Every structure is written in C-alpha cells, then in structure tokens.
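Subject: Structure for you to look at

Hello,

Here is the structure I said I would pass on. Please open it and keep it in view while you read the notes below.

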Amino acid sequence: MSEPPGATVTLADAPTTDEPSKALTAQRVLPLRRPGRWIATAVVLVLVAQFVHGLVTNPFYQWDRWSYWFLRPTILDGLLITLQVTAYSAVLGLVGGILLALARLSKSPVLRAVSWTYVWALRSVPLIVVLIFLYNFSALYKTLSVGIPFGPALFSFDESRLATDMVVAVVGLSLNEAAYAAEVVRGGILSVDQGQHEAAAALGLPKGYQFRRIVFPQALRSIIPNYVNQLIGLIKGTSLVFYVSLLDLFGSAQTMGSTYPGDIVPLLLVVTVWYLILTSVVSVVQFYVERYYARGATRSLPPTPLQKLRTGLTDLRARIRREAAV
Amino acid sequence: MTADTLEALADAEAATVEVHDVHKWYGTHRVLNGVDLTVRPGEVTVILGPSGSGKSTLLRVINHLEKPEIGYVSINGELIGVKRHGERLKELSERAILTQRGQIGFVFQNFNLFPHLTVLDNVAAAPVATGKLEKPEAQKLARELLDRVGLADKTGAYPRQLSGGQQQRVAIARALALRPGVILFDEPTSALDPELVGEVLSVIKDLATSGTTLVIVTHEIGFAREIADRVVFIDGGKIIEQGPPSEVLDTPRHERTRDFLSKVL
Ligand SMILES: Nc1ncnc2c1ncn2[C@@H]1O[C@H](COP(=O)(O)OP(=O)(O)OP(=O)(O)O)[C@@H](O)[C@H]1O
Ligand SMILES: [Mg+2]
C-alpha cells in the first residue's frame, strides 16, 4: 500500500476510553457549559440597566410632560391621520406594485418597458419632491377628476381642503410605495419554482387561477417580510405629509412644539413611543401572517410565542427535576 | 351526485394519441427530428432512449407545454394547441390550450405538487378551477382517487410531509382528477429512493390494466417489459424502432437500440 504513514488509524492505535462502549448507552449527555456566553449576558444586562436608569431619571426627558401630551386630542387626531394615510397608501401601493410586477413579467415588451420606467423614475425621485410636486399640482388644478382619458370625468374631488391634502398625501405615498412594492412582488413571484407554473399549466388551470391560487400564495412567503419592511418605512414616511400641510402624528407634535418650545423633547418622545407601538403591532401581525402562509412550506409550523413559553416552562421543570434527581 | 357518476368520472374514456411528423428546435439545436407516433386507446407505450434524446420534449409537445415548429399532435382526432386555417396551422389562444389540457394528464419527475395546498386540495383543485365540478363533488372524487392510490389517510397532510413515493402517488391522483383520456409520465420514479419505486409502479400498473391510455418515459426496463404494449426507442430526436417489448427489448433490430440496452440492462 502506498498510503503515507499515519494516514490510517487502526482500532488498536485509537486511544482507549476509560469506559467500554456498552456502558455508553445509558449515559446522560451533559450539556456543554458556555462561560463566555454568561459573561457577555451579564455585561449586556448592566448596560441595559444603566440605559433604562438614565432614561427614567434624567430630567431632560420631562416624563411628566410626556404623560401630559401622550393622549392629548391633537396628538390622537394626528395619529388618526397617520393611520389613515398609511392604510390607504399601503393598500394602493401594494395593488399598484402587483400590477407593475405583472406588467414587468408579462410577455408584452411595451408593458415591460412602461413598468421598468415607472419603477426607475419613482425610485430615483425623493418622496418629498413627489409630494411637494403633487401639492403644487393640486393647487393648480382645483379639482381632480378620475375618468376616461380625454373623455367624461367619472368622479372628481374638490371638496374641503383637508380632503384634497389627504388625497395628495395618499397619491404621493402610493406612487412611491408602488415602485418599491413592484420589486418586492416581482422578487416573490420569481422565487416560485418553475415546476409550479408547469404543473398548473399542465392541469389546464385558468390563467387567473394559476396566479391567485398557485403562484401568488407561494410568492407571499418571500413578499411578506420584504413588504412589511416597506410598510414600516411607509409608516415613518408619512411624517413627510407635514410638508403638504397635513397634520399627522409628527406634524401635530411639531406644531405643538412651536407653540410650547419647552416641551419639544417630551413631544418627540411621545411621537417616538407611538411609532414604536405602531411598528410593534405590525411586527406581531407579520408573525401570524407569515405563519399562515408557511403552511406546507415546512414540515411543521414554527411555534407561537405562547407555545414557546409553554414548552420552555415544561422543559425547565423537567430539567430542574432531573438535576435534583442526580 | 350518485356513486355511478363518480365512478364514471374516475375512469375516463381512453383516447387515441397521434403525433404527426413533429420537429422541434431549441435555437439551432434540433431536438425532435420528424417524430411519428400513434397510440391506440388503452394502449401502454413506453418510451426509451439515451439522455438528451428528446423523450421529455416529445411528452411536452404532446400536451403543448412546448410548441413544435413543424407537425402536430392530435387526441381523438382533435388538434392540440393549433387549429386548421386553410392549408396551414394556426396557434390557438392560451385559454383554449388550457382547456384542451384537461384531456391530457401529466406526471412529472419531480412531482410538482402544490406545497401550500393539502393533499386533498391538490387533487380537487383542477376540477373546481376548470368548472367541471362543484367543490364538494370534487373533494369526494379526490377522496376516491386518493383511496385508489392507497393514500386515503393522507388527505389532510401537506405534500412536504409525505415521502417521495407518496407524493408521486398524489401527483398521479391529481392527474386523474380531470378524467384525462391519456396520461403522460416523464420518468415518474427516477427521483425516488429505490425502495419507493415499487409503490409508484404498482399504481401505474393498476392504471394500465384498467384500460387508460398511458405514455411512459422510464428507465425501468423490467417494468417496461411487464406492462408495455409497445416500446418506442428514441435517439437523436428520431424514433429508431418500435414494437412489442419482446421484439424491441429482446431482439432489437438496430445497432443503437442494442447499444443502449446493453448499457442499461
Ligand atoms: N429549454 C431548452 N432550451 C434549450 N435546449 C433544451 C431545452 N430543453 C431541452 N433542451 C435540449 O434538448 C435535448 C433533449 O432534451 P430532453 O429533455 O427532451 O431529453 P431527454 O431525452 O428527456 O433526456 P433525459 O433522459 O436526460 O431526461 C437535450 O439536448 C437538451 O439539452
Ligand atoms: Mg427527460
């Protein structure tokens, strides 16, 4: 044999363990101890405690003023505007994004070019520019009408100024949102296996059904996390509507801040906490929606936090009992 | 719906398949080079041939997943994917092609089940989506078909919770749900572990004896010998020889067939 020396280890060379292998079957496996992890945990906990302590005790934050403002009607009105603008733009943006993605993936070169150009233009222009542009545009055209091109108008908006501002804000945000959503949706559709398209075609499923029931639900698995990211950006992006004279959450706080300059910091904290609450709600909803669309993608669904807590407690109890027994 | 009509739905009328002088290019690469093939109702045809010889392409041309550049396919005399337009052939609308595919079942090597739908919904989807059955009837039919492939207890599972052999049997039930006149199999067992091949082959054998027209691409020579009425050997996009298994497999007339068989046997 031409093997280099030492390349093979025969059984006789192997270090003999102190226990013969038959005794091993009954052995309990001791979990690996990780002292580094404990030290890191302790350091982080100290830092967190310091941060929280500072947040609570530093007079700079004026928590009493914060609680004064937190549920003031002006703030809540602003919050309502933020929620409305976000909701409308999120839905319109997603619908627009789906249409743009379909156009981009279609066989028609014209549709593909239009979709590409739209996404290119809207992603290049800052949102604030789009909003202010639309704002001036709406001032120029006092009534905005929707109808057949060059034909009769089907319905038009020219009611109160607020309604117009709202429309400008929603249109601006939706136009912008759709450009990003288009890419998110397109990526999701492309992530679906080609075999799925073939199987659906081979079964003769109608085109619309193929998209709605076969391809899109599978695409949603990758669309949801990306779109939620987008949505969180949108929630914060709504603060820009202040510049088209719509008083959203941030706008209300800003206005109050100029009236009560001493309260700027607590007002900003009020806004921060509200945005934190909104993104948290979105994240919780995201978890359950993702879980819903994960059906079938994995052999078993990820546990909900409640289930995790329950199994965690059961494990802990079992472990304590085991440790006690040893 | 009575049990009789359901029975009738499960067992379709066997179809005749005719492939007429089909040529297919990918760019400049000629993949099918004048294929003529007639499959009579209830006949089981096994297609053999080396890798890259055009077997999958031929099956995909039959259900018009691929368009041939020259030639046509007909099922029970009805042209597939095209219509006569004077002297020439004109392509049908996508919608019309989708409707025609209801007569042609297709079973893929990689199953291609819909992972987000339960086994029952995988089978019941097509008859509902194409408007052939109402949902409760489709589900009843799906249950019967799943029973037939031995998976009555898996209706609520998702495809990824099944073994490969079970998934392929679901795919066969799904193809049967549209009551196709012919079922095409593209290497139905080559993605399976050896011990799972048998369960799928036995389901196909069942279909063969029940009189459905089957066209099967496979490398399982023993299986071909057992169930084929006819074996077709393809190489270089052409049918080299065809005939009953006893002829083609045991006393092949062509050098290339002998060569191929000596490699796979
Ligand atoms: N979409 C495509 N574009 C270009 N060439 C292709 C395409 N699909 C198949 N081919 C080529 O066509 C030839 C025939 O392919 P086909 O899949 O029909 O072979 P096959 O007989 O099924 O082989 P196998 O036994 O490996 O599955 C091959 O040379 C392949 O590379
Ligand atoms: Mg193939």
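The buried residues of helix H8 of chain A pack against helix H9 (207-237) of chain A. They also pack against parts of chain B, namely helix H2 (55-62), helix H3 (94-100), strand E8 (104-107) and helix H6 (164-176). Please note that this is a predicted model.

Why is H8 of chain A largely enclosed by the rest of the structure? Seven of its nine residues, in the stretch 194-202, are buried, so the helix is mostly surrounded. Among the buried residues are Gly195(A), Gln196(A) and Glu198(A). Ala199(A), Ala200(A), Ala201(A) and Ala202(A) are buried as well. After H8(A) comes Gly204(A), which has a positive phi, near 70°.

Next, the sheet in chain B. Six strands make up an open sheet with mixed pairing, in the order E8-E9-E10-E3-E11-E12. E8 and strand E12 (238-243) of chain B are at the edges and have a single partner strand each, so one side of each has no neighbour in the sheet. From one strand to the next, the twist averages 20°.

The partner of E8(B) is strand E9 (residues 182-186) of chain B; the two run parallel and are joined by four bridges. Within E9(B), Leu184(B) is the bridge partner of Phe106(B). H2(B), which was named above as a contact of H8(A), lies across E3, E8, E9, E10 and E11 of chain B. Its direction is at about 150° to E9(B).

Last, the aromatic rings. The count over all chains is 15 aromatic pairs. One of them is Trp66(A) with Phe70(A), a stacked pair with 4.6 Å centre to centre and 25° between the planes. Both residues lie in helix H3 (residues 63-70) of chain A, four residues apart, or about one turn of the helix. In an α-helix there are 3.6 residues a turn, so residues three or four places apart point the same way. Trp66(A) and Phe70(A) are both buried.

The rings of Phe242(A) and Phe250(A) are edge-to-face, because their planes stand at 85° with the centres 6.0 Å apart. Phe242(A) counts as partly exposed, at 22% relative accessibility.

Ring pairs also link a cluster made of Phe60(A), Tyr61(A), Trp63(A), Trp66(A), Phe70(A) and Trp274(A). Two arginines lie over the face of Tyr68(A): Arg65(A) at 4.5 Å from the ring centre, and Arg72(A) at 4.2 Å.

Regards

Notes: Residues are numbered from 1 along each chain as its sequence is written. Chains are lettered from A and ligands numbered from 1 in the order in which they are written. This is a predicted model: local features need pLDDT of at least 70, side-chain atom pairs count only at pLDDT 80 or more; totals for chains, interfaces and linings use all residues. Side-chain values use heavy atoms; hydrogens and water are left out. Buried means under 20% relative accessible area, exposed over 50%, partly exposed in between (1.4 Å probe, protein chains only). Contact means heavy atoms within 4.5 Å. Two strands pair if DSSP finds at least two bridges between them. Axes are lines fitted to C-alpha atoms, for helices over the stretch in contact, and angles run from 0 to 180 degrees between N-to-C directions. Rings of Phe, Tyr and Trp (its six-membered ring) pair if their centres lie within 6.5 Å; planes under 30 degrees apart count as stacked, over 60 as edge-to-face and the rest as tilted. A charge sits over a ring if NZ of Lys or CZ of Arg is within 6 Å of the ring centre and within 35 degrees of the ring normal.
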